[in-house]
Amino acid sequence: MDFSNSANHIIVALDGMAPRQAIEFTAALPGLRRVKVGLELFMSGGSAVVEQLRHQGLAVFLDLKFHDIPATMAAACREAASFGADLITVHAAAGIEALAAAQQGAEEGAAAAGLQTPSLLAVTVLTSWDPLCFADQLAISEPIDRYVHRLAQLANAAGIAGCVCSPLEVASLRAAHPQPFALVTPGIRPHGSDCNDQKRVLTPGQALAAGASQLVIGRPITTAADPAAVFSQCCQSLGV
């Protein structure tokens, strides 16, 4: 059966890999369409690893989570867009002015490089936070789900293409923000997988049914004895 459509919904996170390992891993994963390059891999491989992955025909989610003053975020996104990434993350908590500046910077960087403008995704609340620690350590009394909605609204107002959120917030966010606003969800764990450091999780099928646009799946695939088999199972579980 052809699961190419399902594969478009899955972004495999290459966290914990060295550049050469990432290139070899992705080349050996049949049907793979999208990958995530996070801070660790980018710091060791730089823009070259993004270029190599793109040469394999892969769409790259550049997950660097920029969070700074508007001018710096604009400059960072201008540079990142020139690498040819398909998706780039920024932190919604930077505020509307910084998010709008980041969007403009991405548009300028892509245009200067002759590339399509990447979609910016605003990170809401990291999936490693649980409600008690979130309230205690950050002194934020607003429940996580309400705070996530607040940040998503900032992103939408700034013209950002979508958000990164936990699977548990997808359904309510989708009700408030219809397509084409993108909802990209880490914290995806197939049945039987270890949750690791993720606190707010769903299975791939549950997250897609709730309204997720794309699902970020890392260790359940990358550390499996047979990554290709697990990737195929994840695609099958989506049923699209």
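**Exercise 1. Place Ala 13 in this predicted model: in which strand does Ala 13 lie, and is Ala 13 buried or exposed?**

Step 1. Start with the strand: Ala 13 belongs to β1, which covers residues 10-13.

Step 2. Now look at accessibility. Ala 13 has a relative accessibility of 4%, and buried means under 20%. Ala 13 is therefore counted as buried.

**Exercise 2. Find which residues Ala 13 is in contact with, setting aside neighbours within four places in sequence.**

Step 1. Search around Ala 13 for heavy atoms within 4.5 Å.

Step 2. Your list should read Lys 36, Val 216, Ile 217, Gly 218 and Thr 222.

Step 3. Try a C-alpha to C-alpha distance too: Val 230 is 14 Å from Ala 13 in space, with their positions 217 residues apart in sequence.

**Exercise 3. Describe how helix α2 and helix α3 pack.**

Step 1. Locate the pair: α2 spans residues 19-27 and α3 spans residues 39-55.

Step 2. Their axes lie 9 Å apart, at an angle of about 40 degrees, and the crossing is right-handed.

Step 3. Pick out the partners. From α2 come Pro 19, Ala 22, Ile 23 and Thr 26; they meet α3 residues that include Leu 41, Val 49 and Leu 53.

Step 4. Sort the residues of this contact: six are nonpolar, four polar and none charged.

**Exercise 4. Explore the second largest pocket: what is its volume, and which residues are closest to its centre?**

Step 1. The second largest pocket holds about 210 Å³ of space.

Step 2. It is lined by 13 residues, and Gly 84, Ala 85, Asp 86, Gln 116 and Pro 118 are the closest to its centre.

Step 3. By type, the lining has seven nonpolar, four polar and two charged residues.

Technical notes
Residues are numbered from 1 along each chain as its sequence is written. This is a predicted model: local features need pLDDT of at least 70, side-chain atom pairs count only at pLDDT 80 or more; totals for chains, interfaces and linings use all residues. Side-chain values use heavy atoms; hydrogens and water are left out. Helices (H or I, at least four residues) and strands (E, at least two) are DSSP runs, numbered from the N terminus. Buried means under 20% relative accessible area, exposed over 50%, partly exposed in between (1.4 Å probe, protein chains only). On a 1 Å grid over the protein atoms alone, a cavity is a set of points where a 1.4 Å probe fits but cannot get out, and a pocket is an open set with protein on both sides within 12 Å along at least five of seven lines; lining residues have an atom within 4 Å of a point. Grid points are joined across faces, edges and corners, and a volume is the space filled by probe spheres set on the points. Ala, Val, Leu, Ile, Met, Phe, Trp, Tyr, Cys and Pro count as nonpolar, Asp, Glu, Lys and Arg as charged, and the others, Gly among them, as polar. Axes are lines fitted to C-alpha atoms, for helices over the stretch in contact, and angles run from 0 to 180 degrees between N-to-C directions. A crossing is left-handed if the near helix is turned anticlockwise from the far one by less than a right angle, and right-handed if clockwise.
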